[in-house]
Amino acid sequence: MKLKRILKWGARALLFALILAFLWGFIAYWRSTNECDHKTAALNIPMKAILYCEYGSPNVVKLDYVEKPVPTDNQVLIEVRAASLNALDAYMIRDAWLNRLIFGLRKPRDTRLGRDVAGVVEAVGKNVTQFKPGDEVFGICRGSLAEYACTLERALVMKPANVTFEQAASLPLAGLTALQGLRQGKIQPGQKVLINGATGGVGTFAVQIAKSFGAEVTAVCSTRNVDLVRSIGADHVNDYTKEDFTKSDQRYDVIFDNVCNHSFFERRRVLTAKGICVLAGMGGAGVREGQAIGRIAGNLFTARGLSSFTDQKFAQYMTRISKDDLIMLGDLVQAGKARPVIERTYKLSDAPEALRQLDAGHARGKLVITIGEESR
């Protein structure tokens with residue numbers, strides 16, 4: 001009788017917990033709002049910015065007026081001259097359950113887009129010591145698709161004088177992802193390195209950074225991009241529309257896998273005995289939600305798990321903000337060892353069109369948004 005009573009009370013407690021969880025989720029869903037819901041008619045100091053107030057396609061993205069930000073004690077206010085798009089910007093606006101869990105249940109909490117920035121320091125917080133008004137900088141900044149944006153001092157570095165704002169804006173997220181990923185592969189001079197997905201923002205930087213490290217680079221791309229990857233230094237090109245690199249006789253010390261569209265065993269086959277496959281991405285902005293989740297699961301549970309039993313390793317990492325790495329990227333461009341591949345530049349008002357191109361999955365290199373005097 002005592003066991004039955006315990007089970008009965010346990011079932012009631014579980015039911016009560018489920019009801020509370022449902023109610024909490026229901027309330028949280030309908031209480032979730034964003035700045036679009038509270039926008040006032042009069043703004044003290046208005047500026048133009050790209051917003052997305054709802055989830056959906058790139059059609060939900062719009063140019064609107066918002067309040068000009070004010071830097072906190074540890075922040076830098078930037079007059080934005082250029083920003084570039086990344087796959088993250090296309091992912092964030094999609095109406096997908098994973099996005100709602102991360103970015104806001106009913107509506108996105110943060111309505112601003114853009115992470116890469118290049119511009120001129122407008123003002124600094126009282127604790128900022130490395131920058132002053134008038135400095136030309138680049139780095140990582142939330143909400144950079146705007147006339148002005150604030151970010152932390154540690155996320156910025158000085159822009160080299162001979163690097164344009166457009167070039168500098170294309171560097172941060174894609175460049176850091178490529179650089180830090182190749183380090184995960186423990187790349188060494190003379191090694192054979194394969195870049196799978198060599199023509200997006202991350203891929204074009206990965207090809208050039210690998211070459212700057214002294215590697216022999218094979219780039220995987222489609223027919224239309226063969227000349228592009230050769231022009232940025234690839235020693236060999238694998239046209240995936242004609243041949244599958246996992247079925248070749250070549251072996252690679254490092255595979256920088258920016259697509260993850262092959263199985264664990266297929267990739268193992270073309271790694272050297274102690275080769276490393278760096279799980280850098282899942283195919284860019286054109287990959288749909290189902291594909292993305294499948295590739296993420298394959299990376300986390302299959303490739304990482306099985307590689308613990310072999311000398312061949314599958315390495316995964318999170319891109320992090322690093323001043324030293326941002327400086328290194330700027331130096332590579334300044335020295336001519338890397339050239340940002342910019343397919344097209346857009347005005348701020350045309351950012352929705354740029355996002356549509358990015359979301360279609362056909363962008364080569366970077367799409368850059370310029371925010372100059374003509375946009376103001």
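This report walks through a predicted model of one protein chain, from its overall make-up to a few chosen sites.

## The chain as a whole

The protein chain holds 11 helices and 15 strands. It has 376 residues, and 51% of them count as buried. Its accessible surface comes to about 18,100 Å². Carbon and sulfur atoms own 56% of that surface.

How far apart in sequence are the residues that meet? Take the contacts between residues at least 6 apart in sequence: 68% of these join residues at least 24 apart.

## Helix α5

Helix α5 covers residues 172-184, which makes 13 residues. From first C-alpha to last, α5 reaches 18 Å. That is close to the 18 Å expected at 1.5 Å a residue.

Is α5 enclosed or open? Of its 13 residues, 10 are buried, so the rest of the structure largely encloses this helix. The buried residues of α5 include Pro172, Ala174, Gly175, Leu176 and Thr177. Ala178, Leu179, Gln180, Gly181 and Leu182 are buried in α5 too. Just after the helix, lysine 186 takes a positive phi of about 50°.

## Helix α6

Helix α6 runs over residues 201-212 and has 12 residues. Its span from first C-alpha to last is 17 Å, close to the 16 Å expected at 1.5 Å a residue.

α6 is mostly covered, with 10 of its 12 residues buried. Among them are Gly201, Val202, Gly203, Thr204 and Phe205. Ala206, Val207, Gln208, Ile209 and Ala210 of α6 are buried as well. Glycine 214 follows the helix, and its phi is positive, near 90°.

## Salt bridges

How many salt bridges does a search of the whole structure find? The search finds 16. Three of these pairs are described here, each one linking distant parts of the chain.

Glutamate 54 pairs with lysine 107, and their closest N and O atoms are 3.6 Å apart. Glutamate 54 sits in the loop between β1 (46-52) and β2 (61-67). Lysine 107 sits in the loop between α3 (97-103) and β4 (116-124). The two are 53 residues apart. Glutamate 54 is partly exposed, at 38% relative accessibility. Lysine 107, at 11%, is buried.

## Two further pairs

Glutamate 122 and lysine 68 meet through their side chains in a salt bridge of 3.5 Å, N to O. Glutamate 122 belongs to strand β4, while lysine 68 lies in the loop between β2 and β3 (75-84). They are 54 residues apart. Glutamate 122 has 32% relative accessibility and counts as partly exposed. Why does lysine 68 count as buried? Its relative accessibility is 19%, and buried means under 20%.

Aspartate 110 and arginine 142 form a salt bridge of 2.8 Å, N to O. Aspartate 110 is in the loop between α3 and β4. Arginine 142 is in the loop between β5 (136-140) and β6 (148-152). These residues are 32 apart along the chain. Aspartate 110 is partly exposed, with a relative accessible area of 24%. Arginine 142 reaches 52% relative accessibility and counts as exposed.

## The second largest pocket

The second largest pocket has a volume of about 330 Å³. It is lined by 19 residues. Which of them are closest to its centre? They are Cys141, Arg142, Gly143, Cys150 and Thr151. Arginine 142 therefore appears twice in this report: it lines the pocket, and it forms the salt bridge with aspartate 110.

Which element gives the most to the lining? That is β6, with 5 residues.

## Alanine 83

Alanine 83 has its place in strand β3. Is it buried or exposed? At 0% relative accessibility, alanine 83 counts as buried.

What does alanine 83 touch, leaving out residues up to four places away in sequence? Its contacts are Asp116, Ser144, Leu145, Ala169, Leu367, Val368, Ile369 and Ile371. Tyrosine 346 is 263 residues from alanine 83 in sequence. In space, the two are 9.9 Å apart, C-alpha to C-alpha.

Notes
Residues numbered from 1 in each chain as written. Predicted model: local features only at pLDDT ≥ 70, side-chain atom pairs only at ≥ 80, totals over all residues. Heavy atoms only, no water. Helix = DSSP H or I, 4+ residues; strand = E, 2+ residues; numbered from the N terminus. Buried < 20%, exposed > 50% of the residue type's maximum accessible area, 1.4 Å probe, protein only. Contact = heavy atoms within 4.5 Å. Areas by Shrake-Rupley, 256 points an atom, 1.4 Å probe, with all protein chains shown as cover. Expected span 1.5 Å × (residues − 1). Salt bridge = Lys/Arg side-chain N within 4 Å of Asp/Glu carboxyl O. 1 Å grid on protein atoms, 1.4 Å probe; cavity = no way out; pocket = protein on both sides within 12 Å on 5 of 7 lines; lining within 4 Å. Points joined across faces, edges and corners; volume = space filled by probe spheres on them.
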